[in-house]
Amino acid sequence: MNKKSGRGRKFVIAAVGLVIMLFLLLMALLDFIVDYQWFEEVGYTSVFMAGIINKFRIGIPVFALVTVFLYLYFMNMKRDFYRKSRLIESNQDRKRYGKIILVLSLVLSLFISSMVVGSLWLDILKYINSFDFNVADPIFSKDVGFYIFKLPLLNQLISLLVFVAVVLLVATAIFYGVMISLKTPEMGRMQQDQEGGFQRRSLFSKEMLHLAVRQVAAVGFVIFVILALKFYLARYGLLFSPAGAVYGAGYTDMVVRSRVYMLQAAAGALSAVLILYAAYSAKYKTALYGPVLLVAISILGNLAALGVQNYVVEPNEYAKELPYIKNNIAFTQKAYGLDKIEEREFAAAETLTIEDILANKPIIDNIRINDYRPALQAYNQLQGIRPYYRFNDIDIDRYRINGDYTQVFLSARELSLEQMEEAQSWVNKYLRYTHGYGAVLSPVNTVTPQGQPQLLVRDIPPVTDTDLEITRPEIYFGELTNDYIITNTKAAEFDYPLGDDNIDAFYQGTAGIRMNPLNKLIFAIYNGSSRILFSGDITSDSRIHLNRNIITRVNKIAPYFSYDPDPYLVIHEGRLFWIIDGYTHDTNYPYSRPISGGVNYIRNSFKVVIDAYNGTTDYYLVDEEDPLVRTFDKIFPGLFKPFDRMPEGLKEHIRYPETLFDIQAEVFRDYHMENPQVFYNREDSWSIALEQYGGETLEMDSSYQVMKLPGEEDVEYVLSIPYTPINKNNMVAFLVARNDGDKYGEMIIYKLPKNKLVYGPMQIETRISQDTEIARQLSLWDQRGSQVIRGNLLIIPIEDSLLYVEPMFMQASNQDSLPEMRRVIVAYADTIVMEETLAEALTAIFGKGVPGTAPPEEPDKTEPPDRMDEPPDGIGGSLEQLVELANELFEKAQQASRNGDWAKYGEYLAELEQVLNSMQQQVNR
């Protein structure tokens, strides 16, 4: 009985131990299992496995070689120790010390190989798979690819080898210390047995000391050889020197520092030879000659560099640095793609006529009188519809709407439960409220009578006044989708609100990982939620969706790149897609001036397209000339698709990324100067133009606009920024990047005449502020308790002239009020006008005939008049009539809410606000 009981207890203990071991193994493999299933779901298993397989391909040989080297190194030390100590190694000691050395070698090798795999695996693959840039540096005639792909790995390997050599040095010292400590008693016993006495001979003999010194010297030899290589490679690092007149190697670097590095490399090699000579000849002082020489060369080299810089270069800096300034200009332009910018002249004439305005109607029709900041507020208040919906930002794009090329604002209506604290249950968060719904689109050039964006696509379900439709409006993957969700559960998903009811639905897409019983356990542990394991709503047909945030998603698939922080939404064939710009960049382009973070080379090499419903993620290669992206394409086959495989409807919406354009525009402020003398003196440095916005003076943002470039036949979508001279406000140039068709990526700098004044944005802003009539009206509106917001100033080239347009917004002082576009200011030549519409402003300058200048229809009696008109303010009538009208408008607003007509709902609320203002005025009287 007791035996059976004992066997039972042993079985239970063994079973528990097995379960614990399996659990620990599962935890260790958990991330791998989850990642593998997720990469399999998104179709990038080959990319995921390529990283793992290549790490093993590198790590296993490194581990094996280092293990063998360390084992032989320590075994050789042991044999030498026994030979010199005249001790006899017993079989027991041989086995015991052999195992200890093997374990020590394995541990150290594992540590070293882990360092190599963890930090160098990708650099090794880039070295092996690299492509040339076909651009040679002007100093050493090395291809730029050497500095991008090879030099960083060589420098890291040298640092790693120095670390390993130091570890060996310490291990060698410890080895001899331990062996002497362990074997001294044994030596004492041997001495007693042989001589019949109790004398104890120490192992610290002269011969043993020589052995230890030689072993340490061998490691020292390796260290000095590595240092010699490090000094030799340091010459190439001079091409990234910030010490001269420009970034990159300068006169002092090449005349002094380059030679100092060569002398230090020679001194390092000499030190390696001397340390071995000193160890084997017992002339230990000789070992100091090399390090002393190294220190002397370093000190004298620094003094020489200081002297040459102060007494040779600075008295005649430009002449000495001239070839290096040329190098800096040429290589910075290449690194940022500035060498491809085409230069054109722009007359900036003042010859526009009404005929020119009429002939350029597509430009006029796309002048942006809306601003994305007020538009975002309007979208959230008028189209948010429920507290859990949120528009994250405004995207700017162009569409063919009813046959017309139209610039628009567009934003996705995403789901965000942050504002609903009472709804933060597990079921609501992960099973029921799973997706956003639809998008809002408005043209940039029109507003409603209330001064709000005219919504062409709006409401839930999506309503459109155009041929642009959304048939799959659900947004499961977006900018705000930060949590995992589980779909196809027994609990229906909330789809969208309809009046007082909610419409439910089930996910019908292809995304997600199926929740079989094992996966329920895996994801319950992975997400730290037992509800996943025990919820009765989750079945084997349910699917879990991970990494739904689109920026997180692309970084998970390919973390080797940088991604634009501003994805933009595209409507294509009734579906919603996100496009994210991807960048390759590096910090090792010779002679190129770095920006923040040390980056001195950047390309927008690929675009990522993500289906908002299915999460399908496709990487499209758009710059096949970039050696960096070609190298990654070779390392991770299957990651990129050719650009010609992108659907044509999506190609029509790709745009030159604002992030890259802003970097190029910033660098181009100085690097448009190709004359070295002008560049050296900064005679023609530019600044990004300034403007006034929200009461502040700010650098202008680059802006997407529809315009017809001088010399071109048709309008196109461009990104532009104006320049002024440094510390001046007149405009000298404007830079544009083209976005459409075969012209995508082309950049043009339009230089303005230097022999006449061309008004810059800040000068126009000043003229607006100083205009007597405009200043009077702005002051009047401010006194009436409303804030006047001056929108972005736009500079529009028409023919060979420039037109300046600035929308004017007004916002009431109450908390929930919306900015309303109420006036448009147009400046041309020496004329500035402010009118209610763009057409009226153009008519005031150029005369009658501008389309859209017909007088507006008489508003309905319940419609609020323009709040920017002068008194009488608000709506007339007695107090009793106003109360009755307020009740009527409130009922209409409630009815519109129940019907889901949110555009009408917003209009009625705006009218109600006017009525209440009029009532308040009468009470105050």
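## Helices near the start of the chain

Val-162 is partly exposed, with a relative accessible area of 22%. This value comes from a predicted model. Val-162 belongs to helix α4, which covers residues 144-195. Along the chain, Val-162 and Val-222 are 60 residues apart, yet their C-alpha atoms are separated by 8.5 Å.

Val-66 sits in helix α2 (residues 45-85). With a relative accessible area of 17%, Val-66 is buried, because buried means under 20%. The C-alpha atom of Val-66 lies 8.5 Å from that of Leu-106, a residue 40 positions away in sequence.

## A nonpolar surface patch

Seven side chains are listed here: Phe-11, Val-12, Val-16, Ile-20, Phe-23, Leu-24 and Met-27 form a nonpolar patch on the surface. Together these residues have about 700 Å² of accessible area. One of them, Phe-11, is placed in helix α1, residues 2-42. Phe-11 has a relative accessible area of 62% and is therefore exposed, since exposed means over 50%.

## Salt bridges

The structure holds 30 salt bridges. Arg-373 takes part in a salt bridge with Asp-371, at 3.7 Å from N to O, and in another with Asp-701, where the closest N and O atoms are 3.3 Å apart. The pair of Arg-373 and Asp-701 links distant parts of the chain, 328 residues apart. Arg-373 is in helix α11 (residues 372-383), while Asp-701 is in the loop between β23 (696-699) and β24 (703-707). The three residues differ in their cover: Asp-371 is buried, with a relative accessible area of 2%, Arg-373 is partly exposed at 27%, and Asp-701 is partly exposed at 36%.

Another salt bridge joins the side chains of Arg-398 and Asp-740, at 2.9 Å from N to O. This pair also links distant parts of the chain, with the two positions 342 residues apart. Arg-398 is in strand β3 (residues 395-401), and Asp-740 is in the loop between β26 (733-738) and β27 (747-751). Both Arg-398 and Asp-740 are buried. Elsewhere, salt bridges link Glu-342, Arg-344, Glu-712, Glu-716, Arg-738 and Glu-746 in a network.

## Cavities

Two cavities of 30 Å³ or more are found in the structure. The largest has a volume of about 100 Å³. Its lining consists of Ala-348, Ala-349, Glu-350, Lys-756, Leu-757, Val-758, Tyr-759, Leu-802, Tyr-804, Tyr-828 and Ala-829. Nine of these lining residues are nonpolar, none is polar and two are charged.

The second largest cavity holds about 40 Å³ of space. Its lining includes Asn-370, Asp-371, Pro-374, Ala-375 and Gly-451, together with Gln-452, Pro-453, Phe-809 and Pro-819. By type, this lining divides into five nonpolar, three polar and one charged. Asp-371, one of the lining residues, is also the salt-bridge partner of Arg-373 described above.

## Helix α13 and the residue after it

Helix α13 runs over residues 517-526. Within this helix, Asn-519, Lys-520, Ile-522, Phe-523 and Ala-524 are buried. Just after α13 comes Gly-528, which takes a positive phi of about 65°.

How values were computed. Residues are numbered from 1 along each chain as its sequence is written. This is a predicted model: local features need pLDDT of at least 70, side-chain atom pairs count only at pLDDT 80 or more; totals for chains, interfaces and linings use all residues. Side-chain values use heavy atoms; hydrogens and water are left out. Patches are made of residues with over 30% relative accessible area and no salt bridge: like charges are joined within 9 Å, nonpolar side chains (Val, Leu, Ile, Met, Phe, Trp, Tyr) within 5 Å. Accessible areas come from the Shrake-Rupley method with a 1.4 Å probe; for residues, only the protein chains shown count as cover. A salt bridge is a side-chain nitrogen of Lys or Arg within 4 Å of a carboxyl oxygen of Asp or Glu. Helices (H or I, at least four residues) and strands (E, at least two) are DSSP runs, numbered from the N terminus. Buried means under 20% relative accessible area, exposed over 50%, partly exposed in between (1.4 Å probe, protein chains only). On a 1 Å grid over the protein atoms alone, a cavity is a set of points where a 1.4 Å probe fits but cannot get out, and a pocket is an open set with protein on both sides within 12 Å along at least five of seven lines; lining residues have an atom within 4 Å of a point. Grid points are joined across faces, edges and corners, and a volume is the space filled by probe spheres set on the points. Ala, Val, Leu, Ile, Met, Phe, Trp, Tyr, Cys and Pro count as nonpolar, Asp, Glu, Lys and Arg as charged, and the others, Gly among them, as polar.
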